[in-house]
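Trainee: Before I rely on a structure at the bench, I would like to learn how to read it with care. Could we go through it one question at a time?

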Amino acid sequence: MLLRVDFNVPLDKSYQITDDTRMRAAVPTLNYILNNGGAAILMSHLGRPEDKLLPDGSINVEKFTLRHLVPHLSELLGRPVQFCPEFVGDEAAKMAAALQPGEVLLLENTRFLKGESKGDEALARQLAEMGDAYVNDAFGSAHRAHASTTTVAQFFGPEAKGFGFLMNDELENANRVLNNPERPLTAIVGGAKVSDKIQLLDRMLDFVDNLLIGGGMAYTFIKAQGGQVGKSLVEEDKLELALRLVEKAKAKGVLLLLPEDSLFADQFDNGAAIQTASSAEAPEGWMGLDIGPKARTAFSEVIAQSKTLLWNGPMGVFEMPNFAEGTKLIAESLAKATANGAFSLVGGGDSVAAVNQMGLDDQVSYVSTGGGAMLELLEGKVLPGVKAIQE
Ligand code: AMP
């Protein structure tokens, strides 16, 4: 059985795994295969080796090899893990063919071969020849039409390919928000830039009841409406777009809330002097780095009244403790609403880091493992890795 997983975990300088969430997320599918008489041939990428070539133009194998993950994977599964130092080729084919039920083979980093990110058909065929069935459990890579995430699936009939448990969970949870959600439905969107989330915001306005916007992106909206935002993050070329989104919200009857007040800092530093002021009346030369107390109250009231919640992006520069309170309060409000019966989905990189950091990950309904993939799904796109299994 060929299994595409997302083992793209962060490593420290001595190649120790600093966060194994993604590896743990694949364990249920792996154990299911292994405990039911299957053997697993694992494929994953790790980092972007193609962007960090050695001076002679070759791959930095030492830095990006999946060999670093073998001991920990073996520990998680409670069984030995074989490693093949190539992704496809004679040795990989030989090792795959010799695999016995209950055995695990981890292939080398998929991105060591250029054909992977090009979705190369010849490479995908070589992969397909190693297994009798294909399972995709790599949600975090499902938005990429790569050889091991998408093209390979075309070599298997509908009865010989499917989603793993993680992929299934991710899709089901996203569907709870996208299809027939219990209302009111509230989306909370934050993070640095409007430009990264234009499509998300635009699409959210088609089906949410409330849209709460915080983080750096809020200041583009506030400035667009005539506010003085000082040195806060503003995308001048997105001011018109922000106004259009405000108009769309009005036309659709969506409550669009921006932070009424903010914590303004005199510099981008945790030790900066702080003033709380109306978001539209920034002290000259100061920058908004977190939502203020009035905004926190307003946002948490809307959250408390919601039945379905979607959160993507922090409310401020939460990496700095002095500007983490707004984000923390959103995480706590989500946890509270969930305890009262709401469904809450945290989808997207930094808000996931925030709930994990606050130890609230098991108090929300679902925390997605896939930043970009979840964002694209919520934007209404069909993910190539998902489509390839369904067709
Ligand atoms: P994103 O990846 O778009 O979700 O953005 C996350 C990043 O946005 C985090 O690193 C935050 O520090 C940053 N961020 C959030 N609020 C602000 C703000 N008010 N000013 C500058 N950066 C912010």
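Trainee: Is the crossing in which α11 passes α12 left-handed or right-handed?
Mentor: What we have here is a predicted model, in which local features need pLDDT of at least 70 and side-chain atom pairs pLDDT 80 or more, whereas totals for chains, interfaces and linings use all residues. Residues are numbered from 1 along each chain as its sequence is written, and side-chain values use heavy atoms, without hydrogens or water. The turn of the near helix from the far one, by less than a right angle, decides the hand (anticlockwise for left, clockwise for right). By that rule, the way α11 passes α12 (helices being DSSP runs of H or I with at least four residues, strands E runs with at least two) is right-handed.

Trainee: Why do α11 and α12 count as roughly parallel?
Mentor: The axes of α11, residues 293-304, and α12, residues 325-339, come within 9 Å of each other. Angles under 35 degrees count as roughly parallel (over 145 as roughly antiparallel, 65 to 115 as roughly perpendicular, the rest as oblique). The two helices are therefore roughly parallel, since they cross at roughly 20°.

Trainee: Which residues of α11 make the contact with α12?
Mentor: On the α12 side, the contact (heavy atoms within 4.5 Å) is made by Glu325, Gly326, Leu329, Ile330, Ser333, Leu334 and Ala337. Across both helices, the contact of α11 with α12 divides into six nonpolar, three polar and two charged residues, with Ala, Val, Leu, Ile, Met, Phe, Trp, Tyr, Cys and Pro taken as nonpolar, Asp, Glu, Lys and Arg as charged, and the others, Gly among them, as polar. The α11 side is made up of Arg296, Phe299, Ser300 and Ile303.

Trainee: At what angle do α8 and α10 pack?
Mentor: Helix α8 covers residues 198-207 and helix α10 residues 239-252, and their axes lie 9 Å apart. The crossing of this pair is left-handed, and α8 and α10 are roughly parallel to each other. Their packing angle is about 15°.

Trainee: How many charged residues does the contact of α8 with α10 have?
Mentor: From α8 come Ile198, Leu201, Asp202, Leu205 and Asp206, while α10 brings Leu241, Arg244, Leu245, Lys248, Ala249 and Lys252. Sorted by class, six residues in this contact are nonpolar and none is polar. The number of charged residues is five.

Trainee: Which peptide bond is cis?
Mentor: Most residues other than glycine have a negative phi, and most peptide bonds are trans. The place to look is the loop between α7 and β7, where proline 184 is found. Here omega is near 5°, and the cis bond is the one from arginine 183 to proline 184.

Trainee: Which residue has a positive phi although it is not a glycine?
Mentor: This residue is found in the loop between β1, residues 2-4, and α1. Its phi is about 65°, a backbone value worth finding in the model for yourself, and the residue is tyrosine 15.

Terms used
Axes fitted to C-alpha atoms, helices over the stretch in contact; angles between N-to-C directions.
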